[in-house]
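Visitor: I should like to learn how to read the confidence, the pockets and the nonpolar cores of a model. May we take them in turn?

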Amino acid sequence: MVGHGQPMRRLIESGSVRGDRFLQIGLRGYWPPPETLDWMARQGMRSYEMTEIGARGLDECLTEAFAIAMDDCDGVFLSVDVDVCDPGHAPGTGTPEPDGLTARQLLDAVRRVAYELPVLGVDVVEVAPPYDHAESTSFLANRVVLEVLTGMARRRMDARDDTTREPRRPLWTAADCGPDSTPASARTWM
């Protein structure tokens, strides 16, 4: 059977992508079934379930995933399934499942991916506007794309200018202000 939830399996089976280069973050619920989990394990796929993320922390899991993703690899493709978020943050999806990431966690994570890794492509999937009367899921999906583009732009800018963005630091301070009263960091960080 071929379905919309199987593109990565088909890529692995075709030999286009190695299974040990496929990482999933934020899984939860009572699926996939045992036979699918067995197949995933045989392929060397790595999944970070929400229970692990809760126990270890999202940042630690991302750091580990980045090391796996970049081992003998020149770039990554980021596919964001909006149902990684808790339905309270993204109700407009075909497969809502409680206990997902918050919108803030998702945005921080995708910005970090795009800043720290050479992202070659990105998509956002499973947005189902008819299930979301307030359009919050569509707004979140749009913001995911903007955060990825911002992370990629900052990565390129820092490489060009030999600078590094420190996310724990305020975007600007009085000391950062240039002669035209525009904070220097505001001119360099989007």
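Guide: The discussion below takes up confidence, then a pocket, then the cores.

Visitor: What pLDDT does the chain average?

Guide: Where pLDDT is low, one should not read the predicted coordinates in detail. This is a predicted model, and its chain averages a pLDDT of 89, with 88% of the residues scoring at least 70. Residues 185–190 fall below 50, although this stretch has 18 contacts in the model beyond near neighbours in sequence.

Visitor: How much space lies in the second largest pocket, and which residues are closest to its centre?

Guide: Empty space is revealed by rolling a probe the size of a water molecule over the atoms. Here the second largest pocket holds about 570 Å³. It is lined by 16 residues, of which Asp-108, Arg-111, Arg-112, Glu-116 and Pro-167 are the closest to its centre. Two or more lining residues come from each of α4 (58–70) and α5 (103–116), and α5 supplies the largest share, 7 residues. By class, the lining comprises 8 charged, 6 nonpolar and 2 polar residues.

Visitor: Which residues have the most contacts inside the largest nonpolar core?

Guide: They are Leu-106, Val-110, Leu-140, Val-144 and Val-148, in a core of 30 residues. The elements giving two or more residues to this core are α3 (50–56), α4, β3 (76–81), α5 and α6 (136–161); α5 gives the most, with 7 residues. Beyond four places in sequence, Val-144 is in contact with Val-80, Leu-106, Leu-107, Val-110 and Val-124. Another core, of 5 residues, lies apart from the largest one and includes Ile-12, Phe-22, Met-40 and Met-45.

Note on methods
Residues numbered from 1 in each chain as written. Predicted model: local features only at pLDDT ≥ 70, side-chain atom pairs only at ≥ 80, totals over all residues. Heavy atoms only, no water. pLDDT = per-residue confidence, 0-100. Contact = heavy atoms within 4.5 Å. 1 Å grid on protein atoms, 1.4 Å probe; cavity = no way out; pocket = protein on both sides within 12 Å on 5 of 7 lines; lining within 4 Å. Points joined across faces, edges and corners; volume = space filled by probe spheres on them. Helix = DSSP H or I, 4+ residues; strand = E, 2+ residues; numbered from the N terminus. Nonpolar A, V, L, I, M, F, W, Y, C, P; charged D, E, K, R; others polar. Core = buried A, V, L, I, M, F, W, Y, C linked by side-chain atoms within 4.5 Å. Buried < 20%, exposed > 50% of the residue type's maximum accessible area, 1.4 Å probe, protein only.
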